[in-house]
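These are my notebook entries on one chain, taken in the order in which I looked things up. I began with the whole, went on to the sheets, and ended with single residues.

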Amino acid sequence: MDKQQIEEYLSRDHLADVQKAEEHLRNVLLPTPLMVSAFFSQEYGSEVYIKPENLQRTGSFKIRGAYNKISSLSREESAHGIIAASAGNHAQGCAISAKMGGVKATIVMPNVTPLLKVEATKSYGADVVIAGDVFDEAYDKAIQLAAENGYTFIHPFDDYEVICGQGTIALEILQELPDADEILVPIGGGGLAAGIAMAAKAIRPDIKVIGVEPIGAMSMKKSIDNGRPCTLESMKTCAEGVAVRCPGDLTFALCSQYLDDIITVTEKDIMEAFLLVLEKHKLVAETSGVVSLAAVKKRAALGKKIVCPISGGNIDMVTISSIINQGMISRGRIMCFSVELPDKPWQLVKVASLLAQHNANVIELQHNQFKAIDRYSNKVVLEVTVETNGHLHIQEVLEALQDEGFAVKRIY
């Protein structure tokens, strides 16, 4: 996007444009009213509110921007159809929006896209084209098909109408909670953050809007720090939905102007937030969806009202299982240790009795004679995984074992 286009968009009446998007979406969206989080509020000493966009149609906020963009097309553009490239929520948002608007949709997805997501996109009536091994190759194919067939390309974030659609979240938040102090927003390409920030600031210039990125994929923070859009050489995060190598030109400009700050969260922060949302609120969220909640502890202050959108909830069962385990370890709910024992009767019973006395529930136990450090030492290695009740409890268990003369090695 060239500089003149960006300047034109920056000078527009953002509130009027977002309110127009709200009109487009009035009979389309499912209600996602704010939820007070008693747990996060108590945990961090602020009033924490959740905006559960994981309960939105297709399981994410993406329908907002996609539908507003498609609603803004001319008759000629609608007649030719739309195309998008996505392996995730944008695909389904575009597919269902096109179906509702009576517009032909083609979605290009890389061949690594899980079959479940491919079928979900097809179920909304879109034609799915599988192309390329990674998103960039699918994107290039979509641009090619758009040029060949006259389709309108729907960018996942760097599009003004898409951004305005995402900004309707801010209108809903401030209608329900007009005295909110802060909104924490996940950042991937920046469409959600730009939309929420420009709309919220138009209504309440004093409100703080804080972007949140994983420390392993902080392209927007790097870009703003350097004063221009920057491309990350590599990314490493479990929050794949916000792992974007380079922000958009327009989203960069809007975030630079309207965001008050960008903070980063670790993988540990994200996994803990995922576990807590599932356990305390019974909400299934994707890892990228809980990034804002992962950052609450960095912004918390007594009496502050903080709103955290959960941006999406499309996650497969295998990933859920893995993240739950990681989150349990991070919160001190699971601990694994090894100890070398004399190879004689009652040693295993002695360890088990100590664990029982300190209320550590055994999940898994391996008693292996062939894992001794020295095969001729007449000792065996015992590996135990236990369920615990936090880091203080873990420390109590380890100290009890050490007090009985066991040389304990914590594995995780």
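**A strand residue at the surface**

I started at Val-362, which lies in strand S12, residues 361-368. I looked up its exposure and noted that Val-362 is partly exposed, with a relative accessible area of 35%. I then found that Val-362 belongs to a nonpolar surface patch together with Leu-348 and Leu-365, the three having about 200 Å² of accessible area together. I keep in mind throughout that this is a predicted model.

**The chain as a whole**

I stepped back to the full chain and counted 18 helices and 14 strands. Its C-alpha trace spans about 85 × 50 × 40 Å along the principal axes, and of its 412 residues 54% count as buried. The chain exposes about 18400 Å², of which carbon and sulfur atoms supply 50%. For contacts between residues at least 6 apart in sequence, I noted that 73% join residues at least 24 apart.

**The six-stranded sheet**

In what order do the 6 strands of the open sheet with mixed pairing stand? I read the order as S1-S2-S10-S7-S8-S9. Strand S1 (35-36) and S9 are at the edges, and each has a single partner strand, so one side of each is left without a neighbour in the sheet.

I followed the pairings from the S1 edge inward. S1 and S2 run antiparallel and are joined by 2 bridges, with Ile-50 in S2 as the bridge partner of Met-35. S2 and S10 run parallel and are joined by 6 bridges; here Pro-52 stands opposite Ile-310 in S10. Strand S10 (residues 305-310) also pairs with strand S7 (residues 182-186), in the parallel sense and over 2 bridges, and in that pairing Glu-182 has Ile-306 as its bridge partner in S10.

I also checked how well strand S2 (residues 47-52) is covered, and found that 5 of its 6 residues are buried.

**The four-stranded sheet**

A second entry concerns an open sheet of 4 strands, in the order S5-S4-S3-S6, with parallel pairing. Its edge strands are S5 (127-130) and S6 (152-153), each of which pairs on one side only. Within this sheet I looked up strand S3 (residues 82-85) and strand S4 (residues 105-109), which run parallel and are joined by 4 bridges; the bridge partner of Ile-82 in S4 is Ala-105.

**Helix H11 and its cover**

Which residues of helix H11 (residues 219-226) are buried? I listed Ser-219, Met-220 and Ser-223. These residues cover an arc of only 95 degrees around the axis, which puts them on the same side of H11. This made me recall that an α-helix has 3.6 residues a turn, so residues three or four places apart point the same way.

I next asked what covers the buried residues of H11, and found that the cover includes strand S8 (208-214), helix H12 (249-258) and strand S9 (261-265). Just after H11, Gly-227 takes a positive phi of about 75 degrees.

**Positive phi outside glycine**

I looked up two residues that are not glycine and yet have a positive phi, Lys-282 and Asn-359. For Lys-282, phi is near 60 degrees, and the residue lies in the loop between helix H13 (267-281) and helix H14 (291-294). At 64% relative accessibility, Lys-282 counts as exposed.

For Asn-359, phi is about 55 degrees, and its loop runs between helix H17 (347-357) and S12. Asn-359 is exposed too, with a relative accessible area of 64%.

**Ala-400 in the last entry**

Is Ala-400 buried or exposed? I found Ala-400 to be buried, with a relative accessible area of 11%, where the cut-off for that word is under 20%. Its place is in helix H18, residues 391-403. Leaving aside neighbours within four places in sequence, I noted that Ala-400 is in contact with Leu-354 and His-358. I also looked up its separation from Lys-298: the two are 102 residues apart in sequence and 34 Å apart in space, C-alpha to C-alpha.

How values were computed: Residues are numbered from 1 along each chain as its sequence is written. This is a predicted model: local features need pLDDT of at least 70, side-chain atom pairs count only at pLDDT 80 or more; totals for chains, interfaces and linings use all residues. Side-chain values use heavy atoms; hydrogens and water are left out. Buried means under 20% relative accessible area, exposed over 50%, partly exposed in between (1.4 Å probe, protein chains only). The arc is that of the directions from the helix axis to the C-beta atoms. Contact means heavy atoms within 4.5 Å. Patches are made of residues with over 30% relative accessible area and no salt bridge: like charges are joined within 9 Å, nonpolar side chains (Val, Leu, Ile, Met, Phe, Trp, Tyr) within 5 Å. Accessible areas come from the Shrake-Rupley method with a 1.4 Å probe; for residues, only the protein chains shown count as cover. A salt bridge is a side-chain nitrogen of Lys or Arg within 4 Å of a carboxyl oxygen of Asp or Glu. Two strands pair if DSSP finds at least two bridges between them.
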